[in-house]
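User: I'd like to learn how to read a helical fold from a model. Could you walk me through it?

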Amino acid sequence: IMEIKDNEEIEDKSKKRFLDVGTIELKGGYENKNDKCITGEIKKIKKEILSYYNKNKRDLPWRNDVRPYAIVVSEIMLQQTQTHRVVPKFLSFLKKFPDFETLAKVSVANVLREWQGLGYNRRALGLKKIAEIVVGEYGGELPQAHNVLVELPAIGEATASSIATFA
């Protein structure tokens, strides 16, 4: 088993290669300006990560609902909130507001009432505004482009990347 920590150096014959785990793209190779592609190492790491995930993954409801709307809701809810607190709120929120259209139409008071207990109410307001924009400007379809997602309320770079990856 290959164990690599952030910014760990690994030996490769007479050369040393620097592996920045935070920038690896698992779908392809990793190219360092001082070295060639290290796809062999990437494949090993990918295999280990997927093996670990398959053995240890938690059953989280947003993993079973891959609709873009559900992914947006989960990503916004999970910002600065513990996962165990989000699970029941996510399920009840989707039951009450199952899609962008429904969320866009309801009152702010209803959204805040359902959001109660998650804190940071600005996220709930942002989520409602996202629904209004998606319905009003994109015909109810969540845009896929990262540069468009990051312009939506309550969505920063990391959240936009997560949404673009999973939605």
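Analyst: Let's take the overall layout, then the helix packing, then a few single residues. One thing to keep in mind from the start is that this is a predicted model.

User: Okay, the layout first. How many helices and strands are there in the protein chain?

Analyst: A good habit is to count the elements and then read their order. Here the protein chain has 9 helices and 2 strands. Going along the sequence, the pattern is β-β-α-α-α-α-α-α-α-α-α.

User: And what share of the residues is buried?

Analyst: For burial, look at relative accessible area, where under 20% counts as buried. By that cut-off, 35% of the 167 residues in the protein chain are buried. You can also ask how far apart in sequence the contacting residues are. Of the contacts in the protein chain with a separation of 6 or more, 45% are between residues 24 or more positions apart.

User: Now the packing. How do I read a helix pair, say α3 and α9?

Analyst: Start with axis distance and angle, then handedness, then the residues that touch. The axes of α3 (residues 68-77) and α9 (residues 157-166) come within 10 Å and cross at roughly 150°. Angles over 145 degrees count as roughly antiparallel, and so α3 is roughly antiparallel to α9. Their crossing is right-handed. On the α3 side the contact uses I71, V72, E75 and I76, and on the α9 side T159, S162, I163 and F166. By type, the residues of this α3 and α9 contact come to 5 nonpolar, 2 polar and 1 charged.

User: What is the packing angle between α3 and α4?

Analyst: Same steps again. The angle between α3 and α4 is about 140°, and their axes are 10 Å apart. The crossing of α3 past α4 is right-handed. From α3 you get Y69, A70, V73, S74 and M77, which meet V86, K89, F90, F93 and L94 of α4. That contact of α3 with α4 splits into 8 nonpolar, 1 polar and 1 charged.

User: And α4 with α6: which residues meet there?

Analyst: Angle before residues, as before. α4 and α6 pack at about 155° with axes 10 Å apart, and that makes α4 roughly antiparallel to α6. α4 passes α6 in a right-handed crossing. The residues that meet are K89, S92, F93 and K96 of α4 and V111, E114 and W115 of α6. Sorted by type, the α4 and α6 contact has 3 nonpolar, 1 polar and 3 charged residues.

User: Which residues of α6 are buried?

Analyst: When you look at burial in a helix, check where the buried positions point. In α6, V111, E114 and W115 are buried. Viewed down the axis of α6, the buried residues fall within an arc of 100°, so they line one face of the helix. What covers them includes α3, α4, α5 (100-105) and α7.

User: What comes after α6 that I should look at?

Analyst: Backbone angles are the thing to check there. α6 is followed by G117, with a positive phi near 105°.

User: Which residues other than glycine have a positive phi?

Analyst: Look up the value, then where the residue sits and whether it is exposed. Two to look at are Q80 and Y120. Phi of Q80 is near 55°, and Q80 sits in the loop between α3 and α4 (83-96). With a relative accessible area of 63%, Q80 is exposed. Phi of Y120 is near 45°, and Y120 is in the loop between α6 (108-115) and α7 (121-138). Y120 counts as exposed too, at 51% relative accessibility.

User: Last one: where is N121 found, and which residues is N121 in contact with beyond its sequence neighbours?

Analyst: For a single residue, place it, check accessibility, then list contacts. N121 is in helix α7 and, at 39% relative accessibility, counts as partly exposed. Setting aside neighbours within four places in sequence, N121 touches L112 and W115. For V111, the distance to N121 is 9.5 Å from C-alpha to C-alpha, with the two 10 residues apart in sequence.

Definitions and conventions
Residues numbered from 1 in each chain as written. Predicted model: local features only at pLDDT ≥ 70, side-chain atom pairs only at ≥ 80, totals over all residues. Heavy atoms only, no water. Axes fitted to C-alpha atoms, helices over the stretch in contact; angles between N-to-C directions. Helix = DSSP H or I, 4+ residues; strand = E, 2+ residues; numbered from the N terminus. Parallel < 35°, antiparallel > 145°, perpendicular 65-115°, else oblique. Left-handed = near helix turned anticlockwise from the far one by under 90°. Contact = heavy atoms within 4.5 Å. Nonpolar A, V, L, I, M, F, W, Y, C, P; charged D, E, K, R; others polar. Buried < 20%, exposed > 50% of the residue type's maximum accessible area, 1.4 Å probe, protein only. Arc of directions from axis to C-beta.
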